[in-house]
Amino acid sequence: MTVAIEMTWVEGADTALGLPRYETVGAAGADLRANFPDRGSLTLQPMQRAIVPTGLRMAIPLGYEVQIRARSSMAYKHGIGLPNAPGTIDSDYRGPVGAIMINFGTEPYTIQHGDRIAQMVVAPVVQAQFGLVDELSETVRGEGGFGSTGKN
């Protein structure tokens, strides 16, 4: 199944980097690249957060969202992640797309212009109707919380 996501470039973006793309036939996420207006870089110190621009804006169809997720290689090798993963881009947002990145590692990490920094996953959205009731139905689990169904 495919969904059309319309995109435009932010003024000053490096269009030569191209649009997000799937790197393999079975990939769920399309890679996003760092697109710094000055074509420079950004060094994240340990535990520092920053929004890394992609140079893109997008129109997501109603009934869908785009989730921004960490790249596993950056997380494993360098401790680079997204503190709000997955981040959600709603269908009614039209502003610049950026990835909120954090360095969970112990060494500074430099993101270069054009680096693959995150991946975007297009997903359907179901909106719920919320209703107030006097009591909820019972289940076997009941009120058991964190760790109540297995090892602590």
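This is a tour of the structure in your viewer, going from its sheets to a few single residues and then to its enclosed and open spaces. The model is predicted, and the residue numbers used here run from 1 along the chain as its sequence is written.

**First stop: the sheet with S2 and S10**

Begin by selecting residues 30–33, which form strand S2, and then add residues 116–124, which form strand S10. These two strands run antiparallel and are joined by four bridges. To follow the pairing residue by residue, show Ala30, which stands opposite Met120 in S10, and then Leu32, which stands opposite Ala118 in S10.

Next, select residues 64–70, the stretch of strand S5, and look at how S5 and S10 pair in the antiparallel sense over seven bridges. Within this pairing, Val66 can be picked out opposite Val122 in S10.

With residues 87–89, which make up strand S7, added to the selection, you have the four strands of an open sheet, whose order is S2-S10-S5-S7 and whose pairing is antiparallel. Strands S2 and S7 each have a single partner strand and stand at the edges, so one side of each is left without a neighbour in the sheet. If you turn the view to look across the strands, bear in mind that neighbouring strands of this sheet are turned by 35° against each other on average, with direction ignored.

**Second stop: the sheet with S4 and S8**

Now select residues 49–59, which are strand S4, together with residues 97–103, which are strand S8. S4 and S8 run antiparallel and are joined by six bridges, and one place to look is Val52, which stands opposite Ala99 in S8.

These strands belong to another open sheet, made of four strands in the order S1-S4-S8-S6 with antiparallel pairing. At its edges, select strand S1 at 6–9 and strand S6 at 80–81, each of which pairs on one side only.

**Third stop: Arg71**

Return to the end of S5 and select Arg71, which is found in the loop between strand S5 (64–70) and helix H1 (72–78). Is Arg71 buried or exposed? With a relative accessible area of 15%, Arg71 falls under the 20% limit and therefore counts as buried.

Show the side chain of Arg71 and follow it to the backbone oxygen of Arg116, which it reaches at 3.4 Å. Not counting residues up to four places away in sequence, Arg71 touches Asp31, Arg116, Ile117, Ala118 and Gln119. One of these, Ala118, was met earlier as the residue opposite Leu32.

**Fourth stop: residues in the loops**

Select Tyr22, which lies in the loop between S1 and S2 and counts as partly exposed at 45% relative accessibility. Leaving aside its neighbours within four places in sequence, Tyr22 is in contact with Ala27, Ala28, Gly29 and Ala30. If you also select Glu11, you can check that Tyr22 and Glu11 are eleven residues apart in sequence and 24 Å apart in space, C-alpha to C-alpha.

Move on to Arg39 in the loop between S2 and strand S3 (41–44), where a positive phi of about 60° appears although the residue is not a glycine. Arg39 counts as partly exposed, at 39% relative accessibility. In the loop between S3 and S4, select Met47, which has a phi near 70°, again a positive value in a residue other than glycine.

Then go to Pro86, in the loop between S6 and S7, and show the backbone there: a cis peptide bond joins Ala85 and Pro86, with omega at about -10°.

**Last stop: the cavity and the largest pocket**

The structure holds one cavity of 30 Å³ or more, and about 70 Å³ of space lies in the largest cavity. To see where it is, select some of its lining residues, including Trp9, Pro20, Asp31, Leu32, Arg33, Thr54 and Leu56. Which strand gives the largest share of this lining? The largest share, three residues, comes from S2, while S2 and S4 each supply at least two residues.

For the largest pocket, in which about 340 Å³ of space lies, select Met1, Thr2, Val3, Tyr22 and Val122, which lie nearest its centre among the 17 lining residues. The largest share of this lining, five residues, comes from S10.

Notes:
Predicted model: local features only at pLDDT ≥ 70, side-chain atom pairs only at ≥ 80, totals over all residues. Heavy atoms only, no water. Pairing = 2+ DSSP bridges. Axes fitted to C-alpha atoms, helices over the stretch in contact; angles between N-to-C directions. Buried < 20%, exposed > 50% of the residue type's maximum accessible area, 1.4 Å probe, protein only. Polar contact = N/O pair within 3.5 Å; in protein donor to acceptor, adjacent residues only side chain to side chain. Contact = heavy atoms within 4.5 Å. 1 Å grid on protein atoms, 1.4 Å probe; cavity = no way out; pocket = protein on both sides within 12 Å on 5 of 7 lines; lining within 4 Å. Points joined across faces, edges and corners; volume = space filled by probe spheres on them.
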